[in-house]
Amino acid sequence: MELYERLRARDADGNPIVAALVGCGQMGSGLVHVTHQMEGLDTRVIADIRVERPLKVLKSLGIPENDLCVTNEPGKAEDALATGQFLITEDALLPARLPSVDVVVEATGLTEIGARVAWTCIEHRTHVVMLNVETDVTVGPILHRLAQQANCVYTVASGDEPGVLKMLYSQARALGFEVVCLGKGKNNPIDYDATPEGCREEAEGKGMNPKMLSAFKDGSKTMVEMAAVSNATGLIPDIPGMHGIKVEVPELARVFAPAADGGILEHRGCVDFTTGDVAPAVFAIVTSDDARVRADMQFVSMGAGPYYALLRPYHLCNIETPLAMAEAVLYGERTVASTRLVSEVIPIAKRDLRPGEVVGEIGEADYLGRIYTYEDAVSHRAVPLGITPGGTVTAEIAKGGMLTYDNFSPDHDKFVTRLRKLQDSVLFIS
């Protein structure tokens with residue numbers, strides 16, 4: 001049965017999918033508004049360290065105050081859900097422990113919280129959708145395997161670039177095309193010196209967290225997104241950091257093609273991005289050896305070939321995330337996940353770092369992320385980006401230098417660091 005019909009049937013039966021959200025920031029709060037207008041799926045639980053944020057969102061939807069319950073107690077929380085109330089909690093792990101919850105969306109963007117929430121969901125056989133790609137590229141492979149064993153779904157969200165690019169990839173490969181490149185449009189050039197303070201005015205004007213905008217500007221978000229695509233498909237960055245050149249839509253298929261055929265790629269099967277006027281689109285560059293297929297591609301206005309750009313002109317971020325939530329519950333299917341490590345995002349110093357300094361979060365003023373192949377990252381003894389926050393510099397690192405296990409020590413008490421160590425020790429990742 002088609003997805004919308006299944007959701008309508010759940011709604012008609014008075015049995016909607018009960019969803020929970022962890023992290024009620026820009027993405028999370030928007031998600032609540034989308035699910036509120038849907039049939040058959042409702043976000044009934046919101047966890048946030050600042051309870052005033054979910055309270056504000058739910059009240060803006062016209063939900064009466066006597067229909068809201070604020071608690072960190074599991075028993076009281078279940079009672080509230082049973083009586084039709086909306087639940088608000090400061091405890092990020094509580095939603096995963098509630099039997100009434102069908103699926104949890106993790107939207108904090110913090111790898112420590114993301115890893116804990118995903119682990120707890122899997123432990124309780126609750127489906128988990130990650131609006132937190134930073135966590136996926138760090139410990140996604142082990143979370144994916146554990147979810148399979150627990151017979152629940154671990155997935156990155158629909159709507160984010162990894163989800164829509166995986167869709168394009170799967171369609172093309174199912175039809176027998178070779179995928180030469182998967183890519184996204186980035187709406188501005190990389191600013192390696194971006195900081196939250198420097199982005200504050202622009203971020204506030206857009207209703208964004210300055211740290212998040214800084215992570216977009218310094219390229220960390222793009223590197224993380226395309227690493228997730230790489231880890232889900234096996235495609236690699238052609239060079240460290242990818243090319244990221246300015247290319248317009250009509251030239252995508254010509255430029256993101258093998259160098260032997262006039263393009264820029266030294267490898268076939270790559271991930272990349274462009275700063276041309278492409279965003280918010282994502283694209284797949286595909287080819288076929290079959291002369292008839294090429295002729296038909298020209299007939300349907302895809303150009304003379306031999307390379308063709310399949311363009312999805314939008315990705316809707318949190319607005320599309322409910323599709324992944326519904327598919328997890330109704331079909332037991334994931335949208336996209338890092339099933340192995342093909343690429344790694346590693347931290348590069350934004351400024352000179354001195355021994356003894358404790359570094360901040362992704363997007364702050366200390367480091368940015370850059371994509372490498374996993375093999376290259378291992379050969380450099382590079383620290384994974386996702387376990388960098390809160391770690392300590394152990395030797396001088398000049399601006400532009402790589403953070404490695406020789407000059408940097410992650411916080412080994414953090415759950416995400418211990419989970420990554422477990423992943424490295426038990427999974428044969430290539």
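This is a guided tour of the predicted model, stop by stop, with what to select at each one.

**Before you start**

The model is predicted, so local features need pLDDT of at least 70 and side-chain atom pairs count only at pLDDT 80 or more, while totals for chains, interfaces and linings use all residues. Residues are numbered from 1 along each chain as its sequence is written, and side-chain values use heavy atoms, with hydrogens and water left out.

**Stop 1: the whole protein**

Show everything as a cartoon. The protein has 15 helices and 16 strands. Both are DSSP runs numbered from the N terminus: helices are H or I, at least four residues, and strands are E, at least two. The radius of gyration is 22 Å, close to the 22 Å that the globule rule gives for 430 residues, so the protein is as compact as a globular protein of that length. (That radius is taken over C-alpha atoms; the rule is 2.2 Å times the number of residues to the power 0.38.) Turn the C-alpha trace along its principal axes: it spans about 65 × 60 × 45 Å.

Now switch to a surface. About 17,900 Å² is exposed, and carbon and sulfur atoms supply 50% of it. Accessible areas come from the Shrake-Rupley method with a 1.4 Å probe; for residues, only the protein chains shown count as cover. Of the 430 residues, 56% count as buried. Buried means under 20% relative accessible area, exposed over 50%, and partly exposed in between.

Colour by charge. There are 40 positive and 58 negative side chains, and the centres of the two sets lie 1 Å apart. Lys and Arg count as positive, Asp and Glu as negative; His and the chain ends are not counted. Each charge is placed at NZ of Lys, CZ of Arg, CG of Asp or CD of Glu.

**Stop 2: the cores**

Select Leu-98, Val-101, Leu-143, Tyr-154 and Leu-182. In the largest nonpolar core, of 77 residues, these touch the most other members. A nonpolar core is a set of buried Ala, Val, Leu, Ile, Met, Phe, Trp, Tyr and Cys residues joined through side-chain atoms within 4.5 Å. Another core lies apart from it, with 28 residues, among them Ala-19, Ile-46, Val-51 and Val-103.

Zoom in on Leu-143. Not counting residues up to four places away in sequence, Leu-143 touches Ala-118, Trp-119, Ile-122, Thr-135, Tyr-154 and Leu-419. Contact means heavy atoms within 4.5 Å.

**Stop 3: Asp-136**

Select helix α6, residues 133–150, and find Asp-136 in it. Is Asp-136 buried or exposed? Asp-136 counts as buried, at 0% relative accessibility. Beyond four places in sequence, Asp-136 is in contact with Pro-141, Tyr-154, Val-156, Ala-228, Ala-337 and Ser-338.

**Stop 4: Lys-184 and Thr-222**

Go to strand β8, residues 178–185, and pick Lys-184. Lys-184 is buried, with a relative accessible area of 4%. Its contacts beyond four places in sequence include Glu-161, Glu-225, Asp-272 and Thr-222.

Move to Thr-222, in helix α10, residues 220–233. Thr-222 is buried too, at a relative accessible area of 1%. Which residues does Thr-222 contact, leaving aside neighbours within four places in sequence? They are Lys-184, Lys-186, Met-242 and Phe-273. Phe-273 is also among the contacts of Lys-184. Draw a C-alpha distance from Thr-222 to Gly-185: 9.4 Å in space, with their places 37 residues apart in sequence.

**Stop 5: Ser-29**

Ser-29 sits in helix α2, residues 26–36. Ser-29 counts as buried at 18% relative accessibility. Leaving aside neighbours within four places, Ser-29 is in contact with Leu-21, Cys-24 and Val-57.

**Stop 6: backbone in the loops**

Show the backbone as sticks. Where are the cis peptide bonds on this stop? One runs from Ala-279 to Pro-280, with omega near 10°. Pro-280 is in the loop between β10 (270–274) and β11 (282–287). Another runs from Gly-305 to Pro-306, with omega near 5°. Pro-306 is in the loop between α12 (291–299) and β12 (307–312).

Next, select Arg-125, in the loop between α5 (111–123) and β6 (127–130). Its phi is near 55°, a positive value in a residue other than glycine. Arg-125 counts as exposed, at 58% relative accessibility.

Finish at Asn-151, in the loop between α6 and β7 (154–156). Asn-151 has a positive phi of about 60° although it is not a glycine. Asn-151 is exposed, with a relative accessible area of 69%.

How values were computed. Buried < 20%, exposed > 50% of the residue type's maximum accessible area, 1.4 Å probe, protein only.
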